[in-house]
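Trainee: Could you walk me through this one while I have it open? I'd like to start with a single residue and work outwards.

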Amino acid sequence: MQLLVMTLILGTVAVCAWLFGIFATVGGWVGIHWEWLHSPLLPLLQPPPPPVPVPGSELVTGPR
């Protein structure tokens, strides 16, 4: 029973570490860049790209 509980706790910690990107970070330190080390949540945690300007939407200013 203790072995089962310890295995479940270790598995939970490993999954949380993977989701938070710790495996990819440590892999980068030692030169390992395997795709499966990267968190699937990484695109959700990155800032959004800057807005693309729409032609004709520039602000009209008076003469300087």
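Mentor: Let's take V26, keeping in mind that this is a predicted model. V26 has a relative accessibility of 38%, and because that value lies between the 20% and 50% cut-offs, V26 counts as partly exposed.

Trainee: Which helix is V26 in?

Mentor: V26 belongs to helix α2, which covers residues 22–29.

Trainee: And what kind of surface patch does V26 help form?

Mentor: The patch is nonpolar, and besides V26 it takes in F20, I22, F23, W29, V30, I32, W34 and W36, with about 1,000 Å² of accessible area together.

Trainee: Okay, there are some aromatics in there. How many aromatic pairs does the count come to?

Mentor: The count comes to one aromatic pair. That pair is formed by W34 and W36, which are stacked, with 6.0 Å from centre to centre and 20° between the planes.

Trainee: Why quote both a distance and an angle?

Mentor: A pair of aromatic rings is described by the distance of the centres together with the angle of the planes.

Trainee: How do W34 and W36 count, as exposed or partly exposed?

Mentor: W34, at 48% relative accessibility, counts as partly exposed, whereas W36, at 57%, counts as exposed because its value is over 50%.

Trainee: Switching topic, what's the overall layout of the chain?

Mentor: From the N terminus on, the elements run α-α-α, and the secondary structure comes to three helices and zero strands.

Trainee: How far does helix α1 reach?

Mentor: Helix α1 spans residues 2–19, which is 18 residues, and reaches 26 Å from its first C-alpha to its last, close to the 26 Å expected at 1.5 Å a residue. After α1 comes G21, whose phi is positive, near 85°.

Trainee: What about S39, is it buried or exposed?

Mentor: S39 is buried, because its relative accessible area of 10% is under the 20% cut-off. It sits in the loop between α2 and α3, the latter being residues 42–45.

Trainee: Which backbone atoms does the S39 side chain reach?

Mentor: The side chain of S39 reaches the backbone oxygen of L19 at 2.6 Å, and the backbone nitrogen of L41 at 3.0 Å.

Trainee: Last one: how much of the chain counts as buried, and what does the exposed area consist of?

Mentor: Of the 64 residues of the chain, 9% count as buried. The chain exposes about 6,100 Å², and carbon and sulfur atoms supply 76% of that area.

Key: Residues are numbered from 1 along each chain as its sequence is written. This is a predicted model: local features need pLDDT of at least 70, side-chain atom pairs count only at pLDDT 80 or more; totals for chains, interfaces and linings use all residues. Side-chain values use heavy atoms; hydrogens and water are left out. Patches are made of residues with over 30% relative accessible area and no salt bridge: like charges are joined within 9 Å, nonpolar side chains (Val, Leu, Ile, Met, Phe, Trp, Tyr) within 5 Å. Accessible areas come from the Shrake-Rupley method with a 1.4 Å probe; for residues, only the protein chains shown count as cover. A salt bridge is a side-chain nitrogen of Lys or Arg within 4 Å of a carboxyl oxygen of Asp or Glu. Helices (H or I, at least four residues) and strands (E, at least two) are DSSP runs, numbered from the N terminus. Buried means under 20% relative accessible area, exposed over 50%, partly exposed in between (1.4 Å probe, protein chains only). Rings of Phe, Tyr and Trp (its six-membered ring) pair if their centres lie within 6.5 Å; planes under 30 degrees apart count as stacked, over 60 as edge-to-face and the rest as tilted. The expected span of a helix is 1.5 Å times one less than its number of residues. A polar contact is a pair of N or O atoms within 3.5 Å; within protein, one must be able to donate a hydrogen and the other to accept it, and residues adjacent in sequence count only if both atoms are side-chain atoms.
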